[in-house]
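Me: I should like to learn how the features of a protein model are read. May we work through one together?

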Amino acid sequence: MTDIAQNIAQIQAGIAQACERAERHPDSVQLLAVSKTKPLADIQAAYDAGQRQFGENYVQEAVDKITQLKASGQCPDIEWHFIGPIQSNKTRQVAENADWVQSVDRLKIAKRLNEQRNSTLPQLNVCLQVNISEEDSKSGASAEQVLELAAEVAQMPNLQLRGLMAIPERTDDDASLGRQFLALEQIFQELQRLYPQVDTLSMGMTGDMPLAIEHGSTMVRIGTAIFGERAPKPKS
Ligand SMILES: *Cc1c(COP(=O)(O)O)cnc(C)c1O
């Protein structure tokens, strides 16, 4: 077994354990493998271990990897999630290549993705990114803005509103983190009441996975614990 396969097995066991503690079904939490900055060989190793959902943060890197793997025919049923900040001049590449976008945080971006998604493709699945920590530096719609944005996205024919994503403030304080996750869980429940197709609450990373699952996460985004530490972010 490769290290990557072993890491995935360990995380799946951690997910199952957290679900058991939270009295949730182990299948209610999906694992997104965050492969940013990592080579195709690592993605292939994770794929061979049964992993199918992958997340990327940088548009050019994502498009290069998606294109190369498609051409190779090696990993036909990968589902690609774009989870990084999106500038409006990059929306076309995301609309044409991703299966999911989890980082939609404003109307302008949603409109462009909807216009640029080819209507012969399946709808582009969308999570709205919420800034639950209220830090100015973070991307994300505010809790107040997000329901308005959801109402717009729900009307867009080439997008499918699936849920929410958040990156909490980095902290060792579990109580503070728990408050942030709880806030997101409450917005998510409200969104589900309004839009029955909403099924995805994307929160939890390498450092805070069990707590996120306790607060209803349905998708954890794990990079470091699968692929190891990352080198500093590449220039774009
Ligand atoms: C990099 C990244 C992750 C993965 O973080 P790890 O701490 O390495 O697990 C998850 N979500 C987003 C949005 C990221 O940018």
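The dialogue below moves from the whole chain to single elements and residues.

Me: What kind of model is this, and how many helices and strands are in the protein chain?

Reply: It is a predicted model. The protein chain contains nine helices and eight strands.

Me: How does one judge the overall form, and what radius of gyration does the protein chain have?

Reply: One sets the radius of gyration beside the value expected for a compact globule with that number of residues. For 236 residues that value would be near 18 Å, and the protein chain has 17 Å, which agrees. Along its principal axes, the C-alpha trace spans about 45 × 40 × 35 Å.

Me: How much of the chain is buried, and how much area does the protein chain expose?

Reply: A residue counts as buried when its relative accessible area is under 20%. By that cut-off, 51% of the 236 residues are buried. The exposed area of the protein chain is about 11600 Å², and carbon and sulfur atoms supply 46% of it.

Me: What share of the contacts comes from residues 24 or more positions apart?

Reply: Among contacts with a separation of 6 or more, residues 24 or more positions apart account for 61%.

Me: How many side chains are positive and how many are negative?

Reply: There are 23 positive and 31 negative side chains, and the centres of the two sets lie 7 Å apart.

Me: Let us turn to a single strand. Why is β1 described as largely enclosed?

Reply: One counts the buried residues of the strand. In β1, residues 30–34, four of the five residues are buried, so the strand is largely enclosed by the rest of the structure.

Me: Which strands pair with β1, and in what sense?

Reply: Strand pairing is read from bridges. Four bridges join β1 to β8 (residues 219–222), and these two strands run parallel. One such pair of partners is A33 and I222 of β8. β1 also pairs with β2 (residues 53–56) in the parallel sense, over two bridges. Here V34 has G55 of β2 as its bridge partner.

Me: Which residues of helix α2 are buried, and what do they pack against?

Reply: For a helix, one lists the buried residues and then their surroundings. In α2 (residues 40–48), the buried residues are D42, I43, Q44, A45, A46 and Y47. They pack against α1, β2, α3, β3 and α9. Just after α2, G50 takes a positive phi of about 105°.

Me: Where is E23 found, and is E23 buried or exposed?

Reply: A residue counts as exposed when its relative accessible area is over 50%. E23 lies in the loop between α1 and β1. Its relative accessible area is 74%, so E23 is exposed.

Me: Is N57, in the loop between β2 and α3, buried or exposed?

Reply: N57 has a relative accessible area of 12% and is therefore buried. Apart from residues up to four places away in sequence, N57 touches V34, K36, F82, I83, G84 and P85. V34 is the residue whose bridge partner in β2 is G55.

Me: As a last case, what is the relative accessible area of V126, and which residues are in contact with V126?

Reply: V126 belongs to strand β5, residues 124–130. Its relative accessible area is 0%, so V126 is buried. Beyond its neighbours within four places in sequence, V126 is in contact with V101, V104, V153, L159, Q160, L161, R162 and G163. Q192 is 66 residues from V126 along the chain, and their C-alpha atoms are separated by 14 Å.

Key: Residues numbered from 1 in each chain as written. Predicted model: local features only at pLDDT ≥ 70, side-chain atom pairs only at ≥ 80, totals over all residues. Heavy atoms only, no water. Rg over C-alpha atoms; globule rule 2.2 N^0.38 Å. Buried < 20%, exposed > 50% of the residue type's maximum accessible area, 1.4 Å probe, protein only. Contact = heavy atoms within 4.5 Å. Areas by Shrake-Rupley, 256 points an atom, 1.4 Å probe, with all protein chains shown as cover. Lys, Arg positive; Asp, Glu negative; His and termini not counted. Charge placed at Lys NZ, Arg CZ, Asp CG, Glu CD. Pairing = 2+ DSSP bridges.
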